[in-house]
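Let's take a walk through a protein model and see how its pieces sit together. Have a look at the fold first, then read on.

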Amino acid sequence: MKTKNLISTTANLLSVLLALTTFSAFAQNDTNRFRALVLAERGDQHEAFVVAALEWLKGTAARDHFAMDIFENPNQFNKAFLAKYQVFIQLNYPPYRWSDEAKAAFQDYVEQGRGGWVGLHHATLLGEFDGYPMWPWFSDFMGGIRFKTYIAKRVAGTVVVEDAAHPCLKGLPETFVIGEEEWYTYNKDPRPNVHVLAHVDESSYQPSSDIKMGDHPVIWTNEKMKARNVYILMGHHPSLFTNDDYKTLLRNSILWAAGDKNSAIKTDAITK
């Protein structure tokens, strides 16, 4: 009986060890490539877009093996907190309602290249809103602009790629259509102060609109900052997540900004 019990015990131990070895190997092969912070604006006119974006982000994080933490305000952000993240995704949250500590931490994060940044749509709502003053540093970061107006009725427009070699635009056609967008305009063209990756052809608006800028950048990066950064103006309507070109753009941008060494979109030509 003792021999049988010893054999049984040994077999059980081997089974446990085998299981632990298998789990350890799985965990090692399934590690996250990076961690993303998502600052999401909730409860306003962009709620439907944000809900769709978060659902898409969760699926993308699972497929591309990165971790993601979602926050609805920047109250707890400081330098030590942001140091945990390789990319900061500003999901329509505007450049106001931030504490002074959060502003200073974010500025340091971008200027010193602590991580990357992807900003969508409402991130350029620059000016005096809801009793909050203008954030001058953020305006300079976005090319020295101030929000002017937008196409409230929403129209479709054709985006024209200018820098097809940039990783954020990898796999995109020379032009692609974005539907039901608000198309923000600014007090001046950011082009002299940023590297424009794409603009919208205002003559393509359907239905047509008199709200125009002339030269109208809609995707750009500020190469004066050490952080990989990209702003994408489009981000109002949830139907964007049925648009394969938009999803490709957003995925490319996140992986590039995160500086993921295993990313298929990384190229030797891009050093920032």
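Let's start with the whole chain: it has 272 residues, and 49% of them count as buried. Buried here means under 20% relative accessible area, while exposed means over 50% and partly exposed is in between (1.4 Å probe, protein chains only). Keep in mind that this is a predicted model, where local features need pLDDT of at least 70, side-chain atom pairs count only at pLDDT 80 or more, and totals for chains, interfaces and linings use all residues. Residues are numbered from 1 along each chain as its sequence is written, and side-chain values use heavy atoms, with hydrogens and water left out.

The chain's secondary structure adds up to six helices and 11 strands. These are DSSP runs, numbered from the N terminus: helices are H or I with at least four residues, strands are E with at least two. Take contacts (heavy atoms within 4.5 Å) between residues at least 6 apart in sequence: 74% of them join residues at least 24 apart.

**A strand with two partners**

Why is strand β10 described as largely enclosed by the rest of the structure? Five of the five residues in β10 (residues 217-221) are buried, so that's the reason. Two strands pair if DSSP finds at least two bridges between them. On one hand, β10 pairs with strand β9 (residues 195-206) in the antiparallel sense, over four bridges. On the other, β10 pairs with strand β11 (residues 229-232), again antiparallel, over two bridges. Try finding W220 in β10: V196 stands opposite it, and Y231 is its bridge partner in β11.

**Rings and charges**

A pair of aromatic rings is described by the distance of the centres and the angle of the planes. Rings of Phe, Tyr and Trp (its six-membered ring) pair if their centres lie within 6.5 Å; planes under 30 degrees apart count as stacked, over 60 as edge-to-face and the rest as tilted. By that rule there are 36 aromatic pairs in the structure. One of them is Y93 with W98, an edge-to-face pair with 6.3 Å centre to centre and 75° between the planes. Both Y93 and W98 are buried. Another pair, W137 and F141, is stacked, at 5.2 Å centre to centre and 25° between the planes. These two are four residues apart in helix α5 (residues 136-141), so about one helical turn separates them. W137 is buried at 11% relative accessible area, and F141 is buried too, at 0%.

Charges can join in as well. A charge sits over a ring if NZ of Lys or CZ of Arg is within 6 Å of the ring centre and within 35 degrees of the ring normal. R97 has its charged end over the ring of Y93, 5.0 Å from the centre, and K103 does this over the ring of W135, at 5.4 Å.

**Salt bridges**

A salt bridge is a side-chain nitrogen of Lys or Arg within 4 Å of a carboxyl oxygen of Asp or Glu. The count comes to 11, including these:

| Acid | Base | Closest N and O atoms |
|---|---|---|
| E47 | R42 | 2.7 Å |
| D108 | R114 | 2.9 Å |
| E162 | R191 | 2.8 Å |

The E162 and R191 pair links distant parts of the chain, 29 residues apart: E162 is in the loop between β6 (155-161) and β7 (175-181), R191 in the loop between β8 (185-186) and β9. E162 is partly exposed at 34% relative accessible area, and R191 is partly exposed at 29%. Finally, salt bridges that share partners join R42, E47 and E72 into one network.
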